[in-house]
Amino acid sequence: MRPLPLLRALAGLLAVAFAATPSLADTLTLKASHQFPGGKGDVRDEMIQMIARDVAKANVGIDIKVFPGSSLVKATEQWKAMLSGQIDMTSFPLDYASGFHPQFGATLMPGLVKNHAHADRINNSPFMKDIKDVIEKGGVHVLADAWLAGAFGAKDKCIRRPQDAAGVKVRSAGATFAQMWAGAGASIVSVPSNEVYNALQQGVAQATDTSTSSFVSFRLYEQLKCVTAPGDNALWFMYEPVLISKRTWDKLNPAQKQALTTASKKAEDYFKGESKKMDDEMTDVFRKNKVEVITLTPAEADAWRTVAQKTSYKEFAEKVPGGKDLIDKALSVK
């Protein structure tokens, strides 16, 4: 009967080992949703996929299921879906949630961010601290920052100056840009970025603004005659962070939070390295598809900012709580 203590000891060791390793029953499945094409090279999709892979490797009891291409939740509904518990994570154009928090409109404000280096400085400014405070109070936590440059594209002509937009049906990515377009005489079409191709094809829209990545991912080169690329005088930059519901974040244990934070930082660094490449890729792809590519001169960019100051900036300062302070803080970043 001597083997009994040995068997008990072995059983104890096995119990400790199993306790230290999350079981399948204990694994927490998180739903990550976004609107961008999956598995086709879109950098925003790849950010989420990287986080999912690295968290799985960390073996902390989290399994992230990714639902790309608005396959689970519509593009504009993902903020609400996080709050309701329908999804846990998203790569999300923050301005889409400006109906919940109008301050988010400042993260897609014409001319506030001029280029990628400027975006990095903005990211570490009091302006972004204020924006992230609103995000946290709204029930969501930022996992990774991402700023995307964007462009203008048109079916019939190049758009250089405000007068080029007069009478044109323009799909705009957000209210602040829509106000600027309207101030230049355009009529506004409201559809999310994953529906722009059809809108252009059917003549519902004649021009659009969106990220350079989306211009390529959604094959808009098949519908456009000319694109106004960011260059050194960009007007269009949008904040599209990776977000997690605070309801989900707060129930994670320290090891899970650390694994998710580490994976997200790696994805953020990857994105920063790829962001300028996306602009170059758009230029290359559009030229190969016989689409004219232009950039704005400093004077042309200033002409658009003058329109924005009279429309987007003015409206935001007057109607959004703390709006003027947010714009002033952003403009103070040189």
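## Working through a predicted model

Asn 123 is buried, its relative accessible area being 11% (buried is under 20% relative accessible area, exposed over 50%, partly exposed in between, with a 1.4 Å probe and protein chains only). What you have here is a predicted model, in which local features need pLDDT of at least 70, side-chain atom pairs count only at pLDDT 80 or more, and totals for chains, interfaces and linings use all residues. Residues are numbered from 1 along each chain as its sequence is written, and side-chain values use heavy atoms, with hydrogens and water left out.

### Exercise 1: Asn 123

Work out which helix holds Asn 123 and which residues Asn 123 is in contact with.

Step 1. Place the residue: Asn 123 belongs to helix H4, residues 116-123. Helices (H or I, at least four residues) and strands (E, at least two) are DSSP runs, numbered from the N terminus.

Step 2. List the contacts, meaning heavy atoms within 4.5 Å. Skip neighbours within four places in sequence, and Asn 123 is in contact with Met 128, Asp 145, Trp 147 and Tyr 239.

Step 3. Check for a polar contact. That's a pair of N or O atoms within 3.5 Å; within protein, one must be able to donate a hydrogen and the other to accept it, and residues adjacent in sequence count only if both atoms are side-chain atoms. The side chains of Asn 123 and Trp 147 make one, at 3.0 Å.

### Exercise 2: Aromatic pairs

Find how many aromatic pairs there are, and describe the one formed by Phe 152 and Trp 304.

Step 1. Apply the rule: rings of Phe, Tyr and Trp (its six-membered ring) pair if their centres lie within 6.5 Å; planes under 30 degrees apart count as stacked, over 60 as edge-to-face and the rest as tilted. That gives 10 aromatic pairs.

Step 2. Classify the pair. Phe 152 and Trp 304 are edge-to-face, 5.6 Å centre to centre with 65° between the planes.

Step 3. Place both rings. Phe 152 is in strand S5 (residues 147-154) and Trp 304 in helix H11 (residues 298-319), so the pair ties together parts 152 residues apart in sequence. Phe 152 is buried at 3% relative accessible area, and Trp 304 is buried at 0%.

Step 4. Try another pair: Phe 177 and Trp 236 are tilted, with 6.4 Å centre to centre and 40° between the planes. Phe 177 comes from helix H6 (residues 175-183) and Trp 236 from the loop between strand S9 (226-229) and strand S10 (237-239), 59 residues apart.

Step 5. Put it together: ring pairs link Phe 152, Phe 177, Trp 181, Trp 236 and Trp 304 into a cluster.

### Exercise 3: The disulfide

Say which cysteines form a disulfide, and why the disulfide of Cys 158 and Cys 226 has the handedness it does.

Step 1. Search for cysteine sulfur atoms within 2.5 Å. Cys 158 and Cys 226 qualify, their sulfur atoms 2.1 Å apart, and the count is one disulfide.

Step 2. Look at the torsion about the S-S bond: for Cys 158 and Cys 226 the value is about 100°, so the disulfide is right-handed.

Step 3. Locate the ends. Cys 158 sits in the loop between S5 and strand S6 (169-171) and Cys 226 in strand S9, 68 residues apart. Both Cys 158 and Cys 226 are buried.

### Exercise 4: Strand S4

Decide whether strand S4 is enclosed or open, then find which strand S4 is joined to.

Step 1. Count buried residues: five of the five in strand S4 (residues 140-144) are buried, so S4 is largely enclosed by the rest of the structure.

Step 2. Find the partner; two strands pair if DSSP finds at least two bridges between them. S4 and S11 run antiparallel and are joined by four bridges. One of the bridge partnerships puts His 141 with Ile 244 in S11.

Step 3. Look at Pro 241, in the loop between S10 and strand S11 (242-245). Pro 241 is buried, with 0% relative accessible area. Not counting residues up to four places away in sequence, Pro 241 touches several residues, including Val 142 and Ala 144.

### Exercise 5: Positive phi

What is the phi of Lys 290, and is Lys 290 buried or exposed?

Step 1. Recall the background: most residues other than glycine have a negative phi.

Step 2. Read off the angle: Lys 290, not a glycine, has a positive phi of about 65°.

Step 3. Lys 290 lies in the loop between helix H10 (254-288) and strand S12 (292-295), and counts as exposed at 74% relative accessibility.
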